[in-house]
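Student: I would like to go through this model with you. Please show me the sequence and structure, and I will ask how each label is earned.

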Amino acid sequence: MKRVINFNAGPAAIPMEVLQKAQEEMLDWNGTGMSVMEVSHRSKEYEAMHNEAQDLFRRLAGMGPEWKILFLTGGASSQFFMLPMNYLFDGRKAAYIVTGHWGKAAIKEAKHFGPFDVITTENPDGTFTRIPKQEELKIDPAAVYAHMTSNNTIFGSQWHYWPEVGKVPLVCDMSSDIFSRPFPADKFSLIYAGAQKNLGPSGVTLVAIREDFYSLAQEQAKLPTMLSYRTHAENNSLYNTPPCFSIYILNLTLKWLLNTIGGLGNMQKINLEKARILYEAIDKSEGFYRGPVEKDSRSQMNVVFRLTTPEMEESFVKEAKAAGIVGVKGHRSTGGIRFSIYNANLVENVKKATDFMDEFRRKNR
Ligand SMILES: *Cc1c(COP(=O)(O)O)cnc(C)c1O
């Protein structure tokens, strides 16, 4: 067996211990004589694991019982419409801070439901290379929520401060940096994240809603049942069959974060070190590697850079693969190179990648 260094952007690397544990338990999970995929979601064994995953999430996030933790399907992309569907009605207005591709995708869906203001850092050529400063964030105090994306997976930028939006409830798409660092939960009213970047496999989307904001959600009866947050909150995300296997891997990944890594503070230290090593390799390369993102907006999760020509980028991708490093091709909309260094990639993998970068530069400059 040969495991590669996996810098895929999502689905992405999962910690080895998690995969091994799942392998061990595959045929007989928890003494049931079945895999976790084969048990009833109404069984006490399943429900205990499901509830434990919620508790682990709360513990890591520093969220108390005032937070509802939902396990939904349809990816983070479904939250782009579910959020406005549940909150943007009856003449209410929202605000969107757009810092990349996914923020744009979110407003495309919000348009179906109600009005909103947009603050954007989009460049005239359609790229995004920075996070706005606090002074740029003029949010209408009447907005029912302000939506932001904490890490821009495709353009490779990330918020390094948490914005002040007054009394407006702050909603955050944390899909690509959730639990990569501690965050002040009390600053937010709703956060959501697809699991397949930092928390496990695709198939489950986490949505955490604080009680006071939950009370502003649309009545259940006015929405299709499955698209109402209330349906899932009232039924502990067991209204219908949940993505049991994805939730199980999520549970194991949260335990890994808590017990093996030692929590979000430690995870942040590791992630800072990884990003430092990679950006240093870019910055010392005398223009051979060029990062387009402004330095103070650089992402610690998705490190994006370009080489001098598309041909050089192509051979970089090819040679990386030959060296056992996969998933480094930039998003199809932007080109270039992207290393997604989510939680499961520890410092050792990043060091091997920069050794490869140095070697490639020496051979091709
Ligand atoms: C990947 C990603 C999405 C889309 O997630 P899906 O689960 O594929 O719908 C949305 N927002 C951000 C920030 C992402 O990184």
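**Labels and their cut-offs**

Tutor: Start with Pro11, which lies in the loop between strand S1 (5-6) and helix H1 (16-25). Helices (H or I, at least four residues) and strands (E, at least two) are DSSP runs, numbered from the N terminus. The model is predicted: local features need pLDDT of at least 70, side-chain atom pairs count only at pLDDT 80 or more, and totals for chains, interfaces and linings use all residues. Residues are numbered from 1 along each chain as its sequence is written, and side-chain values use heavy atoms, with hydrogens and water left out.

Student: What makes the peptide bond from Gly10 to Pro11 cis?

Tutor: Its omega is near -5°. Most peptide bonds are trans.

Student: What is the phi of Asp90?

Tutor: Positive, about 55°, although Asp90 is not a glycine. Most residues other than glycine have a negative phi. Asp90 is in the loop between H3 and strand S3 (94-98).

Student: Which residues are closest to the ligand?

Tutor: Ser77, Thr153, Asp173, Gln196 and Lys197, out of 13 that surround the ligand. To be near, a residue needs a heavy atom within 4 Å. Helix H3 (residues 75-87) gives the most to this shell, with four residues.

Student: Why is the Thr153 side chain said to make a polar contact with the ligand?

Tutor: A polar contact is a pair of N or O atoms within 3.5 Å; within protein, one must be able to donate a hydrogen and the other to accept it, and residues adjacent in sequence count only if both atoms are side-chain atoms. A polar side-chain atom of Thr153 is 2.5 Å from a ligand oxygen, so the pair qualifies. For Asp173, a polar side-chain atom is 2.6 Å from a ligand nitrogen.

Student: Why are Phe80 and Tyr192 called edge-to-face?

Tutor: Ring centres of Phe, Tyr and Trp (its six-membered ring) must lie within 6.5 Å; planes under 30 degrees apart count as stacked, over 60 as edge-to-face, the rest as tilted. Phe80 and Tyr192 have 6.4 Å centre to centre and 70° between the planes, so the label fits. Phe80 lies in helix H3 and Tyr192 in strand S9 (residues 190-194), so the pair ties together parts 112 residues apart in sequence.
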